[in-house]
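This report walks through one protein chain, from a single helix to its cores, a sheet and two unusual backbone angles. The sequence and structure come next.

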Amino acid sequence: MRGTVLAGRYTLVEPLGPGGGTWLARDEVLHRDVAVRRIPLPAARLADEPGAAAGGRPGSGAGERERVLAEARFAASLSHPGLVTVHDVLASGPQPWVVMDLIRGGSLDRVMAAEGPLEPGRVAAMGLRLLDALAVVHAHGHAHGAVTPGNVLIAATGETVLAGLGPATPDTTPAVDVRMLVTTLMFALDGGSTPHPDHAAASPAVLPRLREAAALRAALARARDGAEVRAVLAGAAARAAVVAAEVHTVPTEVGSTSGRRTLWILVTAATALVATVAALAVARPGTATRDSTAATTASATPAPSRSRTSAAAPSPDPCAVVVPTDRVVPSRSSTCSVTVDGAGVTIKTQPNVDTARKVFDALRKRRQSQTGTSKVERAVTTPVKNVPGLGDECFSQDTTVGILSSVSSNVWLRVRTMVIEVSVMGNGSAVTSEMRDTAMRAARTTAARLQGNS
């Protein structure tokens with residue numbers, strides 16, 4: 001099917017994952033890459049379509065086709081940064097296709113295969129975002145029906161998006177969605193096999209994280225409904241925020257071949273972005289940031305693994321440069337976060353400058369595409385504003401989400417191989433000049449310290 005043109009507009013480029021159900025395609029009208037997914041219709045019912053051979057139940061094929069198209073049209077009517085955006089439904093031909101955003105990243109199960117269990121703070125932030133996305137679906141009297149690790153997508157920038165809206169059936173209810181989400185979050189915490197926190201084989205450096213993961217898993221299992229799940233996640237994210245803001249060292253005795261010695265274990269958890277989301281989630285459940293870059297299907301290329309930062313970076317832990325401490329951070333992640341001048345700052349180190357430029361360009365285009373007003377969320381996102389003289393390249397953007405009474409002022413910049421997000425969030429109906437000043441001041445401080453470490 002490679003090279004096939006759908007609806008005279010979308011050229012199939014290559015399959016995204018096995019099965020050939022979803023393809024990377026080129027929109028020849030808007031000159032952009034998209035994902036297109038074929039909607040399967042049972043062969044027996046396809047035989048009942050007009051013009052097909054006799055023998056099937058009259059009209060059953062047409063009814064099934066219309067039901068499937070109605071589901072696709074419903075998905076296209078939804079708008080939320082935590083949901084894959086559907087742009088078009090192609091109804092001509094024997095089987096319909098859905099055209100949606102292309103997310104360059106991977107599904108949760110593929111990311112975990114590369115990275116292993118996720119940090120509890122990251123899982124909590126992911127869960128809060130997915131709950132917000134499900135709330136939009138449920139507000140329209142619908143249920144998702146397929147909240148699974150394969151349908152939770154992690155973009156290359158780290159944000160979470162939910163794909164794979166399932167068909168409406170009596171068995172798909174909001175309560176079922178919440179339980180499926182809990183199962184998915186437990187999978188993210190441990191892949192289904194959490195080692196006991198006191199397991200002798202566990203490295204002492206990861207014991208605090210294992211204990212927190214086990215506690216979060218147990219609390220999620222006890223939660224009875226969506227409100228309790230949200231409270232559990234908000235609490236976990238808030239705890240991660242405290243640890244992220246104030247780094248603790250804990251002396252621990254461990255055995256070794258040379259006798260007993262004391263190790264000072266650095267206990268870190270989650271990111272400052274999680275801290276920002278957590279603080280808002282506790283005070284105002286349902287808040288989520290809008291910072292996507294691109295979108296696709298669960299079988300897109302795997303997300304970057306959690307490897308050590310590139311040698312081109314100013315430090316194995318650039319956050320230690322931005323907020324100097326007397327600690328040494330043996331980070332295994334390409335992402336770190338700190339609080340600078342009252343703003344949350346997340347730094348993602350790319351393998352090289354060329355990759356960082358491409359990621360930043362994709363981020364800018366994605367933010368540009370989100371400019372405007374969303375009727376569902378009553379959200380207003382300002383146009384991207386380029387900021388000269390800050391880092392190697394920089395832009396800013398504000399967002400107001402009326403339905404949640406939340407506002408955010410954001411600055412994105414690139415310094416060599418590092419893509420940096422600065423975010424100031426709060427309650428209200430409009431972004432204030434003070435919020436913009438805080439975000440810009442934190443961006444300048446961050447850029448100056450990173451560039452000064454050249």
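Start with helix H10, residues 353-369, in this predicted model. At 1.5 Å a residue, its 17 residues should span 24 Å, and the end C-alpha atoms are 24 Å apart, so the expected and computed spans agree. Seen from the side chains, H10 has buried positions at Ala 356, Val 359, Phe 360, Leu 363, Arg 364, Arg 366 and Arg 367. These positions lie on the same side of H10, because they cover an arc of only 165 degrees around the axis.

**The chain overall**

The chain has 454 residues, and 50% of them count as buried. Its secondary structure comprises 11 helices and 19 strands. Among contacts with a separation of 6 or more, 62% link residues 24 or more positions apart. The exposed area is about 20100 Å², with 56% supplied by carbon and sulfur atoms.

**Nonpolar cores**

The largest nonpolar core holds 38 residues. Met 126, Leu 220, Val 229 and Leu 233 have the most contacts inside it. At least two residues of this core come from each of helix H3 (108-115), helix H4 (120-139), strand S8 (152-155), helix H5 (174-190), helix H6 (207-222) and helix H7 (226-245). H4 gives the largest share, 10 residues.

What does Leu 220 touch, leaving out residues up to four places away in sequence? Its contacts are Arg 179, Val 182, Leu 185, Met 186, Leu 189, Val 229, Val 232 and Leu 233. Another core, of 28 residues, lies apart from the largest one. Its members include Ala 343, Cys 394, Met 440 and Ala 447.

**The six-stranded sheet**

An open sheet of 6 strands runs in the order S1-S2-S3-S4-S6-S5, with antiparallel pairing. Strand S1 (5-6) and strand S5 (86-90) are the edges, each pairing on one side only. Three of the pairings are set out below.

| Strand pair | Sense | Bridges | Partner residues |
|---|---|---|---|
| S3 (22-27) and S4 (32-38) | antiparallel | 6 bridges | Arg 26 and Asp 33 |
| S4 and S6 | antiparallel | 4 bridges | Arg 38 and Trp 97 |
| S5 and S6 | antiparallel | 4 bridges | Asp 88 and Val 99 |

Strand S6 (residues 97-100) is covered on both faces. Trp 97 and Val 99 are buried on one side, Val 98 and Met 100 on the other. In a regular strand, side chains alternate between the two faces of the sheet. The hairpin of S5 and S6 has 6 residues between its strands. There, Gly 93 takes a positive phi near 90 degrees.

**Positive phi outside glycine**

Most residues other than glycine have a negative phi. Which value does phi take at His 31? It is near 55 degrees, a positive value. His 31 sits in the loop between S3 and S4. With a relative accessible area of 55%, His 31 is exposed.

Asp 341 also has a positive phi, near 50 degrees. This residue lies in the loop between strand S12 (335-340) and strand S13 (343-349). Is Asp 341 exposed or partly exposed? At 38% relative accessibility, Asp 341 counts as partly exposed.

Technical notes: Residues are numbered from 1 along each chain as its sequence is written. This is a predicted model: local features need pLDDT of at least 70, side-chain atom pairs count only at pLDDT 80 or more; totals for chains, interfaces and linings use all residues. Side-chain values use heavy atoms; hydrogens and water are left out. Two strands pair if DSSP finds at least two bridges between them. Buried means under 20% relative accessible area, exposed over 50%, partly exposed in between (1.4 Å probe, protein chains only). Contact means heavy atoms within 4.5 Å. Accessible areas come from the Shrake-Rupley method with a 1.4 Å probe; for residues, only the protein chains shown count as cover. A nonpolar core is a set of buried Ala, Val, Leu, Ile, Met, Phe, Trp, Tyr and Cys residues joined through side-chain atoms within 4.5 Å. The expected span of a helix is 1.5 Å times one less than its number of residues. The arc is that of the directions from the helix axis to the C-beta atoms.
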